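Hi,

Here is the structure I promised to pass on. Have a look at it first, and my notes on what turned up are underneath.

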Amino acid sequence: MAGKTGGINLKKAIEWIIRHKKIIEAAAWLLFFLFVLWGWRQGIFSDTGKLESLLKASGILAPVIFVAVQAVQVVIPILPGAVGCVFGVVFFGSFWGFILNYTGICIGSVCAFILARRYGTIFVRNMTGSKFYDKYEKFLEQEKRFEKLFALLIFLPVAPDDFLCYLAGVSRMTLSRFTTIILLGKPAAIFLYSMGLHQVLQYAVANFMA
């Protein structure tokens with residue numbers, strides 16, 4: 001009974017977030033810009049020494065929190081996932097930034113699938129929006145076609161991955177198949193997001209924040 005109650009509470013918590021999504025998004029963007037402003041004034045985006053000092057002071061807490069934030073961001077999309085990917089590379093470097101981005105996003109993707117599988121279609125509609133769900137609903141009954149479409153979209157960096165993970169949860173796809181597609185399909189998109197947008201950020205820092 002306790003497990004069931006805990007599950008219901010989790011569902012209600014997520015649904016509450018969806019109902020207040022606009023306010024939460026506005027607050028998240030505000031915090032994001034305040035953090036960027038603080039980082040710019042502290043020089044952590046332009047001075048690698050200051051950035052390294054900040055990370056050393058944070059210890060193991062910094063990567064753990066970052067992975068958790070990336071996972072939650074998939075389950076409850078508030079800011080674009082690309083934002084997290086860029087900051088992963090900025091703070092932890094190209095290799096570890098990629099690894100942490102990959103780990104967090106894969107964990108979040110599997111969690112979204114499991115939530116959708118447990119709570120069903122109505123829950124997924126609430127999470128993704130009726131417009132998105134109605135657009136892809138016709139593919140759900142076509143098991144092989146949906147798996148191919150899902151794998152292709154997960155591989156592409158511009159696809160709405162978070163919503164697709166929820167949609168997969170109410171398809172006939174198995175968890176093992178889903179996990180395999182995520183583990184194999186995510187690296188390319190995460191790499192393109194991380195490195196491509198990191199170059200843009202570096203250009204912005206060099207030309208506008210120096």
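One term before we start: a residue is called buried under 20% relative accessible area, exposed over 50%, and partly exposed in between. Please also keep in mind that this is a predicted model.

The overall picture

The protein has nine helices and zero strands, so to speak an α-α-α-α-α-α-α-α-α run from the N terminus on. There are 210 residues, and 40% of them count as buried. The accessible surface is about 11,900 Å², with 69% of that belonging to carbon and sulfur atoms. If you take the contacts between residues at least 6 apart in sequence, 75% of them join residues at least 24 apart.

The salt bridges

How many salt bridges does the count come to? The answer is three. As a reminder of the general idea, side chains of opposite charge can pair when their charged atoms come close.

Let me begin with Asp134, which pairs with Arg125; their closest N and O atoms are 3.0 Å apart. Asp134 has a relative accessibility of 41%, and because that falls between the two cut-offs, the residue counts as partly exposed. Arg125 is partly exposed as well, at 25%.

The next pair is Arg177 and Glu147, whose side chains meet at 3.5 Å, N to O. Arg177 belongs to helix H9 (residues 175–209) and Glu147 to helix H7, so this salt bridge ties together parts that are 30 residues apart in sequence. Is each partner buried or partly exposed? Arg177 is partly exposed, with a relative accessible area of 41%, while Glu147 is buried, at 11%.

Then there is Lys186 with Asp161, a salt bridge of 2.7 Å from N to O. Lys186 sits in helix H9 and Asp161 in helix H8 (residues 161–169), so here the parts tied together are 25 residues apart in sequence. Lys186 is buried, with a relative accessible area of 4%, and Asp161 is buried too, at 9%.

Helix H8

Asp161 leads on to the helix it belongs to. Why can H8 be called largely enclosed by the rest of the structure? Because nine of its nine residues are buried. Among them are Asp161, Asp162, Phe163, Cys165 and Tyr166, and the list also includes Leu164, Leu167, Ala168 and Gly169.

Helix H2 and what lies across from it

Helix H2 covers residues 21–42, and Leu34 is in it. Leu34 is also part of a nonpolar surface patch of about 500 Å², made together with Leu30, Leu31, Leu37 and Trp40. With a relative accessibility of 46%, Leu34 counts as partly exposed.

Phe32 is in helix H2 as well, but Phe32 is buried, with a relative accessible area of 17%. The C-alpha atom of Phe32 is 9.5 Å from that of Val83, although the two residues are 51 residues apart along the chain.

Ala27 is another residue placed in helix H2. Ala27 is partly exposed, at 38%. Ala27 and Ile78 are 51 residues apart in sequence, and their C-alpha atoms are 9.6 Å apart in space.

Asn101

Helix H5 (residues 81–128) holds Asn101. At 0% relative accessibility, Asn101 counts as buried. What is the distance in space between Asn101 and Val69, C-alpha to C-alpha? It is 9.8 Å, for two residues that are 32 residues apart in sequence.

The positive patch

Last item: Lys131, Lys135, Lys138 and Arg145 form a positive surface patch. Arg145 is in helix H7 (residues 143–155), the helix that also holds Glu147 from the salt bridge with Arg177. Arg145 has a relative accessibility of 48% and so counts as partly exposed.

If you want somewhere to start when you open the model, try the pair Lys186 and Asp161, then follow helix H8 from there.

Cheers

Definitions and conventions:
Residues numbered from 1 in each chain as written. Predicted model: local features only at pLDDT ≥ 70, side-chain atom pairs only at ≥ 80, totals over all residues. Heavy atoms only, no water. Patch = residues over 30% accessible without salt bridge, like charges linked within 9 Å, V, L, I, M, F, W, Y side chains within 5 Å. Areas by Shrake-Rupley, 256 points an atom, 1.4 Å probe, with all protein chains shown as cover. Salt bridge = Lys/Arg side-chain N within 4 Å of Asp/Glu carboxyl O. Lys, Arg positive; Asp, Glu negative; His and termini not counted. Charge placed at Lys NZ, Arg CZ, Asp CG, Glu CD. Helix = DSSP H or I, 4+ residues; strand = E, 2+ residues; numbered from the N terminus. Buried < 20%, exposed > 50% of the residue type's maximum accessible area, 1.4 Å probe, protein only. Contact = heavy atoms within 4.5 Å.
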